[in-house]
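Open the model in your viewer and keep the selection panel at hand. The stops below can be taken in order.

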Amino acid sequence: MSNITRSRTFEITKECEYPSDYVVIDFETNGLEPRTCDIIQMAAVRYRNDVKVDTFASFVYTTIIPPKVAELTSITLDDCKTAPKLEELLPQLLKFIGNDVIVAHNASFDLNFLTENMERLNLPGRTFIYVDTLRLARQKIKDVKWYKLPILKKYLKLEYNSHLAKDDCYVCHEVYKYCRGIKVSQRQLSMNDLKNHKSINSSFNSALSEIELESFIRQAKEYEAVNDWDKAIGLYEHCIGFKCDNKEPYDRLILLYRKKRQKENEIRILELSIELFKTEDKYQIRLNKIYNI
């Protein structure tokens, strides 16, 4: 252990340095002390230009989950007793993170568990650069008393579970966006709203250009070509989040959700397409078919 280089962490605190490419991480644990407690669930979500492109998530093997932790997280021993062990998962997580900036809420908690377990498993130390959304929220959000993720989730009107690692990553991501000037979820914004919103990060403005839109569609098609439907869906959803007037992302989403047998999502895109493309009857015909009209 003494021959292993310790990891180092550096926090980004300047707004001009906040990245649009990063990995959001979250751990659920069976206690608060990294030296004596275990990670019981881990998740990481990779974003490129603030668009989700990949995820990593797993329960982690443990033999101890206190009743209070089970009640808080809904994670049980049944979830963890057949899960992979940390010595198998942690190298995978580190590979997933790569050299990306880490975004986390109360980042020191997660990073302390990460670096402590790296030492415990004799894994070489690394330098982690991170953004703490807890610090950002305290600076940018003045309408709440406490800054825990479940409270911020309610403040931002997000529909995710709390105290589950992947959902907490998604909430953390929304908090990060909000603190950089994006007031609501991208899916609720029109292109005109975004163009007129002076406080939005310039990377989002560029994402609305025709060139960027075509780039997203092209990349999504490349994912489709190798049957990576989830990544393609993420990019198409990003396109329609700005209510673009290009029908292709809507058509591809309808087809992909049909292939994945996700009827509710297919209906959602059909209804949005009916609203936006009033001269096209194919969307209403498909919707009628689903409802057996």
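Helices (H or I, at least four residues) and strands (E, at least two) are DSSP runs, and they are numbered from the N terminus. Keep in mind throughout that this is a predicted model.

**Stop 1: a loop residue.** Select Thr82, which sits in the loop that joins α2 (77-80) to α3 (86-97). Is Thr82 buried or exposed? Its relative accessible area is 68%, so Thr82 counts as exposed. Now add Thr62 to the selection: 20 residues separate Thr62 and Thr82 along the chain, and their C-alpha atoms are 8.9 Å apart.

**Stop 2: the second largest pocket.** This pocket holds about 680 Å³ of space. To find it, select Glu28, Leu32, Leu72, Phe109 and His163, the closest to its centre of the 26 residues in the lining. Next, colour the elements that each give two or more residues to that lining: β2 (22-29), α1 (67-73), α4 (107-120), α5 (133-140), α6 (149-155) and α7 (165-179). By residue class, the lining of this pocket has 10 nonpolar, eight polar and eight charged members.

**Stop 3: the cysteines.** How many disulfides does the structure hold? The count is zero. Select Cys172 and Cys169 to see one case: the sulfur of Cys169 is the closest cysteine sulfur to that of Cys172, yet the two are 7.0 Å apart, too far for a bond because a disulfide needs sulfur atoms within 2.5 Å. Cys172 has a relative accessible area of 1% and is therefore buried. Finish at Cys37, where the relative accessibility is 12%, so this residue is buried too, the cut-off being under 20%.

How values were computed:
Residues numbered from 1 in each chain as written. Predicted model: local features only at pLDDT ≥ 70, side-chain atom pairs only at ≥ 80, totals over all residues. Heavy atoms only, no water. 1 Å grid on protein atoms, 1.4 Å probe; cavity = no way out; pocket = protein on both sides within 12 Å on 5 of 7 lines; lining within 4 Å. Points joined across faces, edges and corners; volume = space filled by probe spheres on them. Nonpolar A, V, L, I, M, F, W, Y, C, P; charged D, E, K, R; others polar. Buried < 20%, exposed > 50% of the residue type's maximum accessible area, 1.4 Å probe, protein only.
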